[in-house]
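Reader: I should be grateful for a close examination of one part of this model, the place where the two chains meet, together with its surroundings. Please set out the pairing and the burial residue by residue where possible.

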Amino acid sequence: MSRDAPDYTLLSDVEITGTEIMVAVDLQGATVAMPIDVQGATIALPVDIQGQTINLDVNLVASEVTIDVSIKAQEVNVKIITPSGIPVYIGTSFVNKTETGVTIVNAGSESGSLLNLTGRGRLISIAFWLRTGDPDNDSPRSDLMDNEIRIYVDGSSTPQVTITMEELDRLNGHQIWGQAINAGASTPKNYTAPLGPRGGLGFVQKATYITVDGFQATRVCGLYKCDVEFTTGLVVKWYNPDSVNLSVSLVFEYGHYPGGE
Amino acid sequence: MAKAVMIAETPIKTIIHLDNGGKIEFTDPREAIEYVKKLEPSDVSIRWLRSKGIEWGENI
């Protein structure tokens, strides 16, 4: 190739045929750069790999790896096919609401499965209404804010996600807690709070008793937008650390991945 | 025949989600088991039946 004749259209065909072909590119150096710069009005860069067995290892080893993929176009269509051949969708697009009745959670124990999903998908949100005892035994309790939602993912024996009522209030700016503690040992009062994007406690019915560590309550209502993914199954349980039975009513929103098994 | 893609259980009902987009709800868990047994087997239904102590092919 002549350096004196740059004004040409470069056409370069590389065609290798054979029963066994190996092309090895081995670049070694303190600094190696191999830029591929393709510019044109229309660009086609097909990569077509077909074979009975294909092994395409991309192995990036470095103290720091950055992969930037920038796709700019008026219309972008990216499909990612998983090894099972199932396209990846977002489970949140497919909500199926399911409602439980009132479930009694025994004192100092974990409930049974309040929601037991088999399959692949995403638990989107949990709305709940927790109250003390039954209508005949509606005494205020100091441990209501310590009640805990437990989410078990893919058959795990330990919960992957746990959140107490007080933590859920913290997730929403600790609004209920702030109102209740600031009010002191006043008369029973209802507190409400606007929910943030991740949920929180929307309503608490406070009793009179109050300390710096907490307050008694008879009702706690809230919403937890948990967005927990699972591939084989998910279980939600409720832990009641109190010394009396509590009742809880829940609504779950979940979505499954269509075509997935 | 449809296959189960997700099965949701709560204390008051069992919901079978099918690959054709449909879903069927049962309040009696025994009826849900009988229904899943008659579906085309899928990974979800086999795993769910196994959680109930039923191996696919047994008593079906």
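Author: A suitable starting point is Thr118(A), which stands opposite Ile7(B) in strand S1(B). Strands here are DSSP runs of E with at least two residues, and helices are runs of H or I with at least four, each kind numbered from the N terminus. The model is predicted, and local features need pLDDT of at least 70, side-chain atom pairs count only at pLDDT 80 or more, and totals for chains, interfaces and linings use all residues. Residues are numbered from 1 along each chain as its sequence is written, while chains are lettered from A and ligands numbered from 1 in the order in which they are written.

The strand on the chain A side is S3(A), residues 115-119, which is joined to S1(B) by 4 bridges in an antiparallel arrangement. Two strands are said to pair if DSSP finds at least two bridges between them. Within this pairing, Asn116(A) has Glu9(B) as its bridge partner in S1(B).

S3(A) also has a partner within chain A. It is joined to S11(A) by 4 bridges, and these two strands run antiparallel. Thr118(A) serves as a reference point here as well, since Gly233(A) in S11(A) stands opposite Thr118(A). Thr118(A) thus faces Ile7(B) in S1(B) and Gly233(A) in S11(A).

S3(A) is mostly covered, with 5 of its 5 residues buried. A residue is buried if 20 or more other C-beta atoms, placed from the backbone, lie within 10 Å of its own, exposed if there are 12 or fewer, and partly exposed in between. Leu115(A), Leu117(A) and Gly119(A) point one way from the strand, whereas Asn116(A) and Thr118(A) point the other way, and all are buried.

The neighbouring strand S11(A) spans residues 233-240 and contains Lys237(A). Lys237(A) counts as buried because it has 20 C-beta neighbours inside 10 Å. The C-alpha atoms of Lys237(A) and Asn116(A) are separated by 9.1 Å, although the two residues are 121 residues apart along the chain. Leaving aside residues up to four places away in sequence, Lys237(A) touches Glu110(A), Ser111(A), Ser113(A), Leu114(A) and Arg150(A). Contact in this sense requires that the C-beta atoms of two residues, placed from the backbone, lie within 7 Å.

Turning to the interface as a whole, 17 residues of chain B are in contact with 19 residues of chain A. On chain B, the elements that give two or more residues to this side are strand S1 (4-9), strand S2 (14-18) and helix H2 (43-51). S1(B) supplies the largest share, 5 residues. By class, the side of chain B that touches chain A has 9 nonpolar, 3 polar and 5 charged residues. In this classification Ala, Val, Leu, Ile, Met, Phe, Trp, Tyr, Cys and Pro count as nonpolar, Asp, Glu, Lys and Arg as charged, and the others, Gly among them, as polar.

The pairing in chain A continues beyond S3(A) with strand S4(A), residues 121-132. S4(A) pairs with S10(A), residues 228-230, in the antiparallel sense over 3 bridges, and Gly121(A) has Phe230(A) as its bridge partner there. S4(A) is further joined to S12(A), residues 246-256, by 11 bridges, again antiparallel; in this pair Arg122(A) stands opposite Gly255(A). Another antiparallel partner of S4(A) is S9(A), residues 214-224, joined to S4(A) by 6 bridges, with Arg219(A) as the bridge partner of Arg131(A).

These strands belong to a chain with 2 helices and 12 strands, which follow the pattern β-β-β-β-β-β-α-α-β-β-β-β-β-β along the sequence. Buried residues make up 25% of the 261 residues in chain A. Of the contacts in chain A between residues at least 6 apart in sequence, 69% join residues at least 24 apart.

Chain B has 2 helices and 3 strands, and its elements run β-β-β-α-α from the N terminus on. Of its 60 residues, 28% are buried. Residues 24 or more positions apart account for 27% of the contacts in chain B with a separation of 6 or more.
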